[in-house]
Amino acid sequence: MTQETIDNMLHFGWDMFPGEVIMSLIVMGIIIILSFVVYFKFRKLDPTKPDKGFVMVVETIVEKIENFTIDLMGKKWKDFSGYALALASYIILCFLVSLIGFPGPLTYLGNTFSIALCTFFLIHFTAARKNKWGYFKRYTDPIPVLLPVNLLSMWAPLLSLALRLFGNALAGYTLMTIVYYFLGLASQTIFGGIIAGGASSIILPPLVTPILHAYFDVFSGLIQTLIFVMLTMIFVSQEDPDEEELEESANKVLSKNV
Amino acid sequence: MEGLKYIGAAIAVMTGFGSGIGEGLICAKAIDGMARNPEMYSKLRTSMILGCALTETTGIYGLLIAILCLFVG
């Protein structure tokens with residue numbers, strides 16, 4: 001074997017993937033490790049003592065997500081909070097890794113499209129589980145002539161979920177890249193005479209860009225996470241609604257008005 | 001002909017027109033509600049931010065197309 005073949009074998013696959021995909025895998029690895037840490041911490045837990053530290057934070061987050069799920073989807077869907085928490089932690093971590101200079105995984109359409117595809121499959125599996133063969137009736141609703149229109153509009157949630165996240169991440173990334181570039185130029189012009197070399201271009205950007213990072217990565221990331229998880233819950237639960245819950249809330253509204 | 005892509009990007013980014021009006025309406029109605037019913041302030045603010053982010057989507061689509069026009073096509 002020549003040196004070249006070995007090199008090719010060693011590098012096979014990693015050159016194929018862009019940095020965003022590798023970063024997305026790293027984020028998933030972080031989440032898996034965190035979930036194992038949580039699992040082993042909770043196994044050793046003493047229920048008679050009050051919780052503190054890491055365990056308490058995790059408990060609070062899980063409880064919040066569960067309440068949120070029950071509020072939006074009804075009691076029947078309580079177990080859906082696991083998927084919601086996984087989705088939320090993935091999206092928020094993907095936004096946050098670009099704070100420390102890594103490529104943001106969500107600026108790559110493949111990643112956002114994959115998580116939107118998960119939600120899309122969930123929607124259609126839920127509908128098929130609920131309606132059995134009646135699932136196919138939705139494509140000829142209300143009249144069979146509309147079949148092509150229904151087949152097209154079926155992809156709308158997938159595209160809107162994927163492109164919303166991708167557009168937000170990419171817009172933030174592009175704007176920040178432009179700001180970094182021009183601030184670098186400006187600081188090179190100002191400080192170029194004092195400091196030699198490329199070091200003169202890194203003086204101005206850190207003074208201005210933290211605000212942009214706070215908006216585009218942290219604030220926008222939180223909002224987009226909330227929206228993605230909420231839309232997933234609403235899309236899934238409207239295929240198989242919790243009827244008791246709906247009746248209860250309807251009765252509440254009616255009794256309040258009367 | 002190379003310059004046409006800049007015109008295309010400018011036209012695409014004009015979606016901001018509609019989403020701007022939409023977001024303004026959301027804010028106006030939310031502030032209206034807050035003024036009438038101050039104890040609902042925090043709930044209204046949450047749904048206002050959510051509504052703004054949802055409305056922003058159409059503008060984001062336009063921006064996305066503009067970015068693709070400029071840097072990819």
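Here are some friendly notes on this predicted model, chain by chain and then contact by contact.

1. **Chain A overall.** Chain A holds nine helices and zero strands, so a reader tracing from the N terminus meets α-α-α-α-α-α-α-α-α. The C-alpha trace spans about 75 × 60 × 55 Å along its principal axes. For a compact globule of 258 residues one would look for a radius of gyration near 18 Å, while chain A comes out at 24 Å. Of its 258 residues, 22% count as buried. Among the contacts in chain A between residues at least 6 apart in sequence, 71% join residues at least 24 apart.

2. **Chain B overall.** Chain B has three helices and zero strands, in the order α-α-α from the N terminus on. Its C-alpha atoms fill a box of roughly 60 × 15 × 10 Å along the principal axes. The radius of gyration is 17 Å, where a compact globule of 73 residues would have one near 11 Å. In chain B, 10% of the 73 residues count as buried. Residues 24 or more positions apart supply 80% of the chain B contacts that have a separation of 6 or more.

3. **Helix α3 of chain A.** This helix covers residues 54-73 of chain A, and its length is worth a quick check. With 20 residues at 1.5 Å each, the expected span is 28 Å, and the end C-alpha atoms are indeed 28 Å apart, so the two values agree. Just after α3(A) comes G74(A), which has a positive phi, near 95°.

4. **A positive phi outside glycine.** Have a look at K132(A) too: it is not a glycine, yet its phi is positive, at about 55°. K132(A) sits in the loop between α5 (109-131) and α6 (147-153) of chain A. Is K132(A) buried or exposed? With 8 other C-beta atoms within 10 Å, K132(A) is exposed, because a count of 12 or fewer puts a residue in that class.

5. **Helix α7 of chain A.** The same length check can be made on α7(A), which has 36 residues. They should span 52 Å at 1.5 Å a residue, and the end C-alpha atoms are 51 Å apart, which agrees. Buried residues in α7(A) include L161(A), A162(A), R164(A), L165(A), F166(A) and G167(A). S187(A) is also buried in α7(A). What do the buried residues of α7(A) pack against? Their partners are α5 and α8 of chain A together with α3 of chain B.

6. **L163(A) as a local example.** L163(A) belongs to α7 (residues 156-191) of chain A. L163(A) has 19 C-beta neighbours inside 10 Å and therefore counts as partly exposed, since 20 or more would be needed for buried. Within chain A, its C-alpha atom is separated by 7.8 Å from that of L109(A), a residue 54 positions away along the chain. Leaving out residues up to four places away in sequence, L163(A) touches Y61(B) and L64(B).

7. **Where the chains meet.** The contact between the chains takes 10 residues from chain B and 10 residues from chain A. On the chain B side, nine of these residues are nonpolar, one is polar and none is charged.

8. **α8(A) against α3(B).** Helix α8 (residues 205-239) of chain A packs on helix α3 (residues 41-71) of chain B at an angle of about 85°, with the axes 10 Å apart. That angle makes α8(A) roughly perpendicular to α3(B). From α8(A), the residues I223(A), L226(A) and I227(A) meet I49(B), L50(B), A53(B) and L54(B) of α3(B). By class, this contact has seven nonpolar, no polar and no charged residues.

9. **α1(B) against α3(B).** Within chain B, helix α1 (residues 4-12) and α3(B) have axes that come within 8 Å and cross at roughly 170°. The pair is therefore roughly antiparallel. K5(B), G8(B), A9(B) and A12(B) make the contact from α1(B), with G62(B), I65(B), A66(B), C69(B) and L70(B) on the α3(B) side. These residues divide into six nonpolar, two polar and one charged.

Technical notes: Residues numbered from 1 in each chain as written. Chains lettered and ligands numbered in written order. Predicted model: local features only at pLDDT ≥ 70, side-chain atom pairs only at ≥ 80, totals over all residues. Helix = DSSP H or I, 4+ residues; strand = E, 2+ residues; numbered from the N terminus. Expected span 1.5 Å × (residues − 1). Axes fitted to C-alpha atoms, helices over the stretch in contact; angles between N-to-C directions. Parallel < 35°, antiparallel > 145°, perpendicular 65-115°, else oblique. Contact = placed C-beta atoms within 7 Å. Nonpolar A, V, L, I, M, F, W, Y, C, P; charged D, E, K, R; others polar. Rg over C-alpha atoms; globule rule 2.2 N^0.38 Å.
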